Amino acid sequence: MSKIKACLFDLDGVIVDTAVYHYRAWKRLANELGFDFTEEENEKLKGVSRVKSLELILSWAGLEKTQEEQAELATRKNNWYVEMITQMTPDEILPGVREFMEEARAAGLKTALGSASKNSGLILERTGLAALFDAVVDGNSVTASKPDPEVFLRGAEALAVAPYECVVFEDAVAGVQAGKAAGMKVVGIGTEEVLHEADLVVKGLSHLRVEQLFDL
Ligand code: BG6
Ligand code: MG
């Protein structure tokens with residue numbers, strides 16, 4: 001009998017591809033402030049909280065802003081981001097995600113979301129995925145950012161399972177590290193080159209069968 005009892009999913013880049021919306025909103029903010037923001041820079045913000053992302057963007061541009069100004073800028077970016085994700089549909093669920101989650105639940109595994117986003121509720125609602133999660137732990141309820149394991153430890157707690165009984169699904173290096181630091185198995189979604197700290201790497205959930213989890 002395998003010890004795996006639960007799956008903990010990151011949101012952005014694992015369930016849905018929202019990176020493009022984050023990119024457009026950060027770029028618009030950067031442009032309003034008089035500098036540009038590239039897709040390469042956007043890559044570095046995967047898994048990074050909103051506040052920390054803004055700090056990085058401002059540091060790359062060599063700009064200093066007060067805490068108050070930073071709060072206003074983060075809100076401005078988020079309003080544009082929310083405008084875009086409000087238009088999301090179930091078509092934007094990444095390939096194989098719904099099928100994988102249904103298969104996992106049918107196999108008796110519990111499921112939770114473990115995300116840095118404060119917008120996860122809206123995204124799950126817009127994509128029609130909310131009912132497939134037994135628990136949601138996101139940026140509204142955690143204090144420490146990935147690679148800190150807090151978000152995944154809280155997920156295990158919410159599902160009443162032990163960390164070693166969980167598999168984490170992550171597309172960001174910091175997220176893979178968070179899962180390992182939590183004492184969990186980690187499936188990386190992306191390339192082996194980037195996510196080599198994961199126990200297994202697949203291109204997407206359409207390339208994985210639930211039974212493979214029991215061999216991790
Ligand atoms: C992560 C994304 O999932 O959530 C980051 O990978 C994003 O790019 C972070 O900054 C916070 O998201 P939000 O929706 O709270 O701004
Ligand atoms: Mg992610």
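Here a trainee and a mentor talk through a predicted model and ask how its labels are earned.

Trainee: Let's start with serine 115. Why is serine 115 called buried?

Mentor: Its relative accessibility is 1%. Buried means under 20%, so serine 115 counts as buried. You'll find serine 115 in the loop between strand E2 (110-114) and helix H6 (120-127).

Trainee: Which residues is serine 115 in contact with, leaving aside its neighbours within four places in sequence?

Mentor: Asp10, Leu11, Val137, Asp138, Gly139, Lys146 and Val151. To count as a contact, heavy atoms have to be within 4.5 Å.

Trainee: Lys146 is on that list. What is the peptide bond from lysine 146 to proline 147 called, cis or trans?

Mentor: That one is cis, with omega near 15°. Proline 147 sits in the loop between strand E3 (135-137) and helix H7 (150-159).

Trainee: And Asp10 is there too. What makes Asp10 a donor of the magnesium ion (ligand 2)?

Mentor: Distance. The protein donors are Asp10 (OD), Asp12 (O) and Asp171 (OD), and they lie 2.0 to 2.1 Å from the ion. A donor here has to be within 2.8 Å of the metal, so these atoms qualify.

Trainee: How are those donors spaced along the chain?

Mentor: They follow D-x1-D-x158-D. Aspartate 12 is in the loop between strand E1 (6-9) and H1, while aspartate 171 is in the loop between strand E4 (166-170) and helix H8 (173-181). That pair is 159 residues apart, and it links distant parts of the chain.

Trainee: Is aspartate 171 buried or exposed?

Mentor: Buried: its relative accessible area is 11%, and the cut-off is under 20%.

Trainee: On to the pockets. How do you know that the largest pocket lies between domain 1 and domain 2?

Mentor: Look at who lines it. Domain 1 (6-16 + 93-215) and domain 2 (19-85) both give residues to the lining, so the largest pocket lies between them. It holds about 600 Å³ of space. Of its 33 lining residues, the closest to the centre are Val48, Ser49, Arg50, Ala116 and Ser117.

Trainee: Which helix gives the most to the lining of the largest pocket?

Mentor: H4, with four residues. Helix H1 (19-32), helix H3 (50-61) and helix H4 (67-85) each supply at least two. By class, the lining has eleven nonpolar, 14 polar and eight charged residues.

Trainee: Why is the second largest pocket placed between the domains?

Mentor: Same kind of reasoning: both domains give residues to its lining, so the second largest pocket lies between them. The space in it is about 380 Å³. It is lined by 21 residues, and Asp171 is among those nearest its centre, along with Gly13, Asp17, Lys46 and Leu94.

Trainee: What makes alanine 160 exposed?

Mentor: The value is 66% relative accessibility. Exposed means over 50%, so alanine 160 counts as exposed. Alanine 160 lies in the loop between H7 and E4, and its phi is near 60°, a positive value in a residue other than glycine.

Trainee: Then why is lysine 5 called partly exposed?

Mentor: At 42%, lysine 5 falls between the 20% and 50% cut-offs, so it counts as partly exposed. Lysine 5 is in the segment before E1.

Trainee: How far apart are lysine 5 and lysine 110 in sequence and in space?

Mentor: They are 105 residues apart in sequence and 6.4 Å apart in space, C-alpha to C-alpha. Lysine 5's contacts beyond its sequence neighbours within four places include Lys110.

Note on methods. Residues numbered from 1 in each chain as written. Chains lettered and ligands numbered in written order. Predicted model: local features only at pLDDT ≥ 70, side-chain atom pairs only at ≥ 80, totals over all residues. Heavy atoms only, no water. Buried < 20%, exposed > 50% of the residue type's maximum accessible area, 1.4 Å probe, protein only. 1 Å grid on protein atoms, 1.4 Å probe; cavity = no way out; pocket = protein on both sides within 12 Å on 5 of 7 lines; lining within 4 Å. Points joined across faces, edges and corners; volume = space filled by probe spheres on them. Nonpolar A, V, L, I, M, F, W, Y, C, P; charged D, E, K, R; others polar. Domains from an automatic or database assignment. Donors = N, O, S within 2.8 Å, 3.2 Å for Na, K, Ca; no water.
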